[in-house]
Amino acid sequence: MTLTPERLRELADSVRQVAALPDPLGEVMEDSTRPNGLRLRKVRVPIGVVGVIFEARPNVTVDCAVLCLKSGNAAILRGGKEIFETNRALAALITEAIASAGLPRDCVQLIPTTSRAALDILLKLDAHVHCIIPRGGEGLIRFVAENSTIPVIKHFAGVCFVYVDKDADPAMAESIVVNAKTQRPGVCNAVEQLLVHAEAAGELVPRLGSALAAKGVRLRCDRASAEILRRAGIACEPASPADFKTEFLDLVVAMRVVGSLGEAIATINRDGSAHSDAIVTSDGAAAHRFLAAVDSSAVFWNASTRFNDGFEFGFGAEIGISTDRLHARGPMGLRELCSYKWLVTGTGQVRA
């Protein structure tokens, strides 16, 4: 929640980066001519009015405002009570900037209350609001999805996996796993679940466990990985069944040993949240099978899950990371905040 001078500079930089990106509006996605001479063009247009409901991250206020403005949308922002005064200050700056640019002051609005009653009203304004994007904990997102009469783009959780294959480079595996877990453990693309192939577990489980423990990570393990760690003198805890489907958002990771690539893929698709999942391997065939079969918004080969992020993808910022299938998936930048329409040009054609 804290906005330091450094984070404020980062926010300003993200606004400048979004401003410098190409304008998505009017982009021709498809262009074809039918046998009867009709020309069909599919072009990007704004969604309309986007409602963003979020909790305790004030950077969302600025990110959402600039992304919606650049993509031609109006934005209605509703932040949490923990950052209410910060949001009011940021919203005042946004309004001032909008007005100075000659735009309507109300094209970005902050709901000036944290009352649940106001949220209930917003979620029923389907005649005026075209899309709702909730950002926050699973409880908030489920409440919005269950109570909105407006289409909702959501992700419920970030139960992210790294699978370390039998052909993984040990040093690379250690670097990726430690980064994915500890670089910023309280975010949705941090790894929560670690799978290690049985053929490499004797070497890799102690190496990964020791590296994670050195960073203060608590290891919650299945029987196979716990036995290996105890033989190596590395502390761990027995995992409960719930641990293997949990988004810890903390310095905690659940570790399992799996017998095959197929078992790893099946485990991720069953226990994950379709957010961010990675394989570490030097076997290209195994990697391509993993990339094709894991059903997540972003799937990585030999890279940290922490890269599933709008800024890292070159979007300047993001309005969220969608695990839905319609209409956006993964980091949502300018193009994901657009819909499209068809422009049909004729020369007098009529249908027989």
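A nonpolar patch, as the word is used here, is made of residues with over 30% relative accessible area and no salt bridge, whose nonpolar side chains are joined within 5 Å. Keep that in mind, and remember as you click around that this is a predicted model.

**Start with the whole thing**

Show the full chain as a cartoon. You should find ten helices and 16 strands. The C-alpha atoms fill a box of roughly 75 × 60 × 35 Å along the principal axes. Of the 352 residues, 48% count as buried.

**Stop 1: a patch on the surface**

Select M29, Y340, W342 and V344, and show their side chains. Together they form a nonpolar patch on the surface, with about 390 Å² of accessible area. Which strand gives the patch its largest share? That is strand 16, residues 338–345, with three residues.

Now zoom in on W342, which sits in strand 16. Is W342 buried or exposed? Neither label fits: W342 has a relative accessible area of 43%, so it counts as partly exposed, because that class lies between the 20% limit for buried and the 50% limit for exposed.

**Stop 2: the sheet behind the patch**

Keep strand 16 on screen and add strands 1 and 2. These three make an open sheet in the order 1-2-16, with antiparallel pairing. Strand 1 (28–33) and strand 16 are the edge strands, each pairing on one side only. If you look at how neighbouring strands cross, they are turned by 20° against each other on average, ignoring direction. As background, strands of a sheet pair through backbone hydrogen bonds.

Next, select strand 2, residues 39–46, together with strand 1. Five bridges join this antiparallel pair. For one spot to look at, pick T33: it stands opposite R39 in strand 2.

**Stop 3: cysteines without partners**

Colour the cysteines and show their sulfurs. How many disulfides does a search of the whole structure find? The count is zero. Take C64: the nearest cysteine sulfur belongs to C68 and is 6.2 Å away, and C64 is in no disulfide. C64 is also buried, with a relative accessible area of 0%.

Then go to C338. Why does C338 make no bond with C68, which has the closest cysteine sulfur? The two sulfurs are 10 Å apart, so they are too far from each other for a bond; a disulfide needs cysteine sulfurs within 2.5 Å. At 4% relative accessibility, C338 is buried too.

**Stop 4: backbone oddities in the loops**

Switch to sticks for the backbone and select L326 and H327. The peptide bond from L326 to H327 is cis, with omega near -10°. You will find H327 in the loop between strand 14 (321–322) and strand 15 (330–331).

Jump to L249, in the loop between strand 10 (237–238) and strand 11 (252–258). Its phi is near 55°, a positive value in a residue other than glycine. L249 is partly exposed, at 40% relative accessible area.

Finish at A274, in the loop between helix 9 (261–271) and strand 12 (276–280). A274 isn't a glycine, yet its phi is positive, at about 60°. Is A274 buried or exposed? With 19% relative accessibility, A274 counts as buried, because the limit for that label is under 20%.

Definitions and conventions:
Residues numbered from 1 in each chain as written. Predicted model: local features only at pLDDT ≥ 70, side-chain atom pairs only at ≥ 80, totals over all residues. Heavy atoms only, no water. Patch = residues over 30% accessible without salt bridge, like charges linked within 9 Å, V, L, I, M, F, W, Y side chains within 5 Å. Areas by Shrake-Rupley, 256 points an atom, 1.4 Å probe, with all protein chains shown as cover. Salt bridge = Lys/Arg side-chain N within 4 Å of Asp/Glu carboxyl O. Helix = DSSP H or I, 4+ residues; strand = E, 2+ residues; numbered from the N terminus. Buried < 20%, exposed > 50% of the residue type's maximum accessible area, 1.4 Å probe, protein only. Pairing = 2+ DSSP bridges. Axes fitted to C-alpha atoms, helices over the stretch in contact; angles between N-to-C directions.
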